[in-house]
Amino acid sequence: MKLIFTLVLVCVFSLASAEGPATRPYTDPSQLDVPWPKHSYLKEPWRGFLETRSADAFVHGIGINFNVQGNQDLAMRLLAESGFTHCRIEFGWGSINWDETAINDEARAIRKLELCKKYHIRPILLLNAHHGVPCPVKFFDKPLKADTAKGARSVVLTDMKDIVPGHTGINNTPEYIAADVIITAVNAATGECTLSKPLPMDLKAGPIHLATLKHLPFFPVGTKEFDDTSEGWTKYTMIVAKLAADAGLQDFDLEFWNELSFGSQFVDANHYFDRESAPADLPEKVANFLHPGGSAWEITHRAIDAVKTKYPKVRCIWGWSNTTFYHTPIDKLPPGTDGQSYHPYGTGVRHLPKEEDYKDRPEFNVDGFTPEINVRMPEGWAHTFMKTECIMRLLNPKARETHPPGVEHFYHYMTEHGVAPPECGVTDETGSFELKSKVALRSFCLWLNKGVDVMDYYCAWERDTKGFGLLPGNLPTLPADSKFDAVATPPMRAMRNLTKAFAGGVALKSTTPLTVEVAPLGPPVKVFEGSGTHPALLQQDVFAFLPFQSTQDKFIIPVYIMSYDITKPFPDQRYQVTIKGLPDTSRNITLYDPILDKTIPLEVNWNDGGQIKLLVTDYPRLLVITK
């Protein structure tokens with residue numbers, strides 16, 4: 001039966017290509033030609049360059065955010081068996097004890113890192129100060145004497161014990177902000193407490209929640225408050241680094257900060273003090289906090305210096321710009337910064353043209369054209385010019401030559417990327433796992449081929465299987481000795497199949513450059529319609545050809561159609577690819593499907609320059625080429 005199917009497939013290919021398929025250059029540097037701050041819906045910047053990347057590096061770039069609270073040994077083993085070799089773990093500043101000598105629940109923290117060592121998973125340790133518990137904090141309640149209205153500049157307490165003026169404040173419980181309003185002075189006789197800014201909410205008489213901060217929020221560089229906070233941050237950094245070393249890890253990474261888009265009030269003292277109550281040495285004009293001379297820049301610089309002195313092998317990653325990408329130019333990062341991270345996401349539905357950026361600035365649309373389409377792309381939006389902040393501006397080979405002072409190799413990390421199925425309109429478990437399988441395969445293959453060194457998928461586990469997580473929802477109740485095949489979810493199986501195909505690679509000093517021509521075998525299929533003056537985007541324009549080299553004689557090349565709506569059914573498409581640059585010994589070619597876990601028939605004609613006719617779909621199948 002298989003032989004009959006193969007013969008039929010070859011006949012179909014032959015008929016479809018009788019008149020010869022239409023071809024066009026696959027690699028086109030002009031695809032990168034969109035000047036800042038413009039955007040484009042017709043340019044595909046990831047096709048502006050083609051590189052053969054190391055298959056060994058691919059294997060060591062497969063990461064995940066490890067957020068598992070229970071059954072951690074099983075979780076880490078299942079992730080390792082799925083092919084994950086890297087994980088991201090947060091140790092917030094608020095997890096450090098008040099005396100700043102150790103992390104709270106140190107034994108549990110070390111155990112988590114020991115599991116990384118046990119399963120040969122390299123951790124990136126996230127350093128962060130979420131404003132809910134931004135640093136070592138003491139929480140307590142105190143009685144408020146009378147109802148106090150929003151906007152008040154003082155409150156009256158009946159008990160002043162443990163109040164530390166300048167460090168104790170009233171928590172903004174609805175907003176989850178510790179010491180949001182600082183008590184700047186206390187009248188011991190009356191109980192009146194002066195506030196650092198107007199009270200942001202009404203308070204009822206009775207117990208109110210307060211917190212004393214060990215360190216103040218980020219003041220400008222040059223103030224005594226900044227020096228104290230910076231010293232505390234460096235202590236915290238070194239405690240976390242020592243924690244990893246005590247767990248037996250020599251190779252690990254530190255990521256400084258997570259997403260300024262939320263929980264980041266602590267990085268600016270102006271959120272806590274207004275000009276009326278600010279300390280006398282608080283200057284009115286200060287450097288941008290992410291630029292040289294700014295508070296976040298300098299606090300990171302000092303911490304990196306301390307880390308590099310004691311742990312020179314540790315990579316220090318700039319996370320401050322992981323949702324803005326371009327706030328700090330790479331060559332202006334603190335000396336010794338080994339890399340920076342990105343959180344592209346953008347995998348939920350985006351309705352165009354309704355949700356186009358800068359609709360009020362039509363001159364920012366470089367083509368003057370916006371398609372009518374609902375976009376749900378596993379790679380997110382940051383590999384295209386749908387938004388100005390396309391990170392292909394940073395990942396193309398020329399841009400990757402840029403690095404901070406004192407750094408020879410600059411690493412690009414994607415420390416969060418994933419999908420919430422409901423944001424794509426998928427609300428059932430089967431559909432959610434299918435979606436997450438395709439998102440994981442497409443994202444890892446695309447980003448690790450196009451310049452990202454490590455991608456940490458978000459996330460390892462959620463109880464609701466329709467959420468972000470890849471591990472089974474009943475993980476906490478599974479037996480510790482559960483076998484992979486008995487409990488693995490579809491995305492776990494897909495990742496295991498993908499990474500097993502890459503196993504056995506060696507660290508190559510250089511890789512073999514390839515060129516390719518791609519053409520559909522049959523009528524062109526449109527991704528979206530064009531207009532009278534703008535061409536339609538065709539599926540052949542979004543044919544992903546992503547070469548990796550495993551050994552001198554082995555290549556693994558994910559190929560797929562980068563469909564714009566992953567939730568739509570996608571029948572196999574017939575294509576012809578002609579690969580040039582392969583070693584003369586390369587004669588054995590197979591096409592492997594990691595979701596179906598089977599080989600897909602194809603046709604090869606070596607007499608016509610390595611011409612391959614194959615079936616592709618909307619997720620990666622692997623062309624495996626050996627001698």
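These exercises, with worked solutions, explore a predicted model of one protein.

**Exercise 1. Confidence**

Find how confident the prediction is, and which stretch calls for caution.

Solution.
- Start with the average: the protein has a mean pLDDT of 94.
- Then check the spread: 95% of the residues score at least 70.
- Now turn to residues 1–20, where the pLDDT is below 50. In the model, this stretch has 17 contacts beyond near neighbours in sequence.
- Where pLDDT is low, predicted coordinates should not be read in detail.

**Exercise 2. A first ring pair**

Classify the pair formed by Phe325 and Tyr342, then place both residues in the chain.

Solution.
- The structure holds 30 aromatic pairs.
- In this pair, the ring centres are 5.6 Å apart and the planes stand at 85°. Over 60 degrees counts as edge-to-face, so the pair of Phe325 and Tyr342 is edge-to-face.
- Next, locate the residues. Phe325 sits in the loop between strand E13 (315–318) and strand E14 (339–341). Tyr342 sits in the loop between E14 and strand E15 (350–352). The two are 17 residues apart, and the pair links distant parts of the chain.
- Last, test burial. The cut-off for buried is under 20% relative accessible area. Phe325 has 2% relative accessibility, so Phe325 counts as buried. Tyr342 has 0%, so Tyr342 counts as buried too.

**Exercise 3. A second ring pair**

Describe the pair formed by Phe528 and Tyr564, and decide whether each residue is buried or exposed.

Solution.
- The centres lie 5.9 Å apart, with 70° between the planes. This pair is edge-to-face.
- Phe528 belongs to strand E20 (residues 526–528). Tyr564 lies in the loop between strand E24 (554–561) and strand E25 (573–580). They are 36 residues apart.
- Phe528 has 4% relative accessibility, so Phe528 counts as buried. Tyr564 is buried as well, with a relative accessible area of 5%.

**Exercise 4. The largest pocket**

Give the volume of the largest pocket, and identify what lines it.

Solution.
- The volume is about 730 Å³.
- The lining counts 33 residues. Asp56, Ala57, His60, Arg315 and Tyr411 lie nearest the centre of the pocket.
- Strand E2 (53–54), helix H2 (55–59) and helix H4 (106–118) each give two or more residues to the lining. H2 provides the largest share, three residues.
- Look again at two of the central residues. Arg315 lies over the face of Tyr411, at 3.9 Å from the ring centre.

Terms used: Residues numbered from 1 in each chain as written. Predicted model: local features only at pLDDT ≥ 70, side-chain atom pairs only at ≥ 80, totals over all residues. Heavy atoms only, no water. pLDDT = per-residue confidence, 0-100. Contact = heavy atoms within 4.5 Å. Phe/Tyr/Trp six-rings, centres within 6.5 Å; stacked < 30°, edge-to-face > 60°. Helix = DSSP H or I, 4+ residues; strand = E, 2+ residues; numbered from the N terminus. Buried < 20%, exposed > 50% of the residue type's maximum accessible area, 1.4 Å probe, protein only. Lys NZ or Arg CZ within 6 Å of the ring centre and 35° of its normal. 1 Å grid on protein atoms, 1.4 Å probe; cavity = no way out; pocket = protein on both sides within 12 Å on 5 of 7 lines; lining within 4 Å. Points joined across faces, edges and corners; volume = space filled by probe spheres on them.
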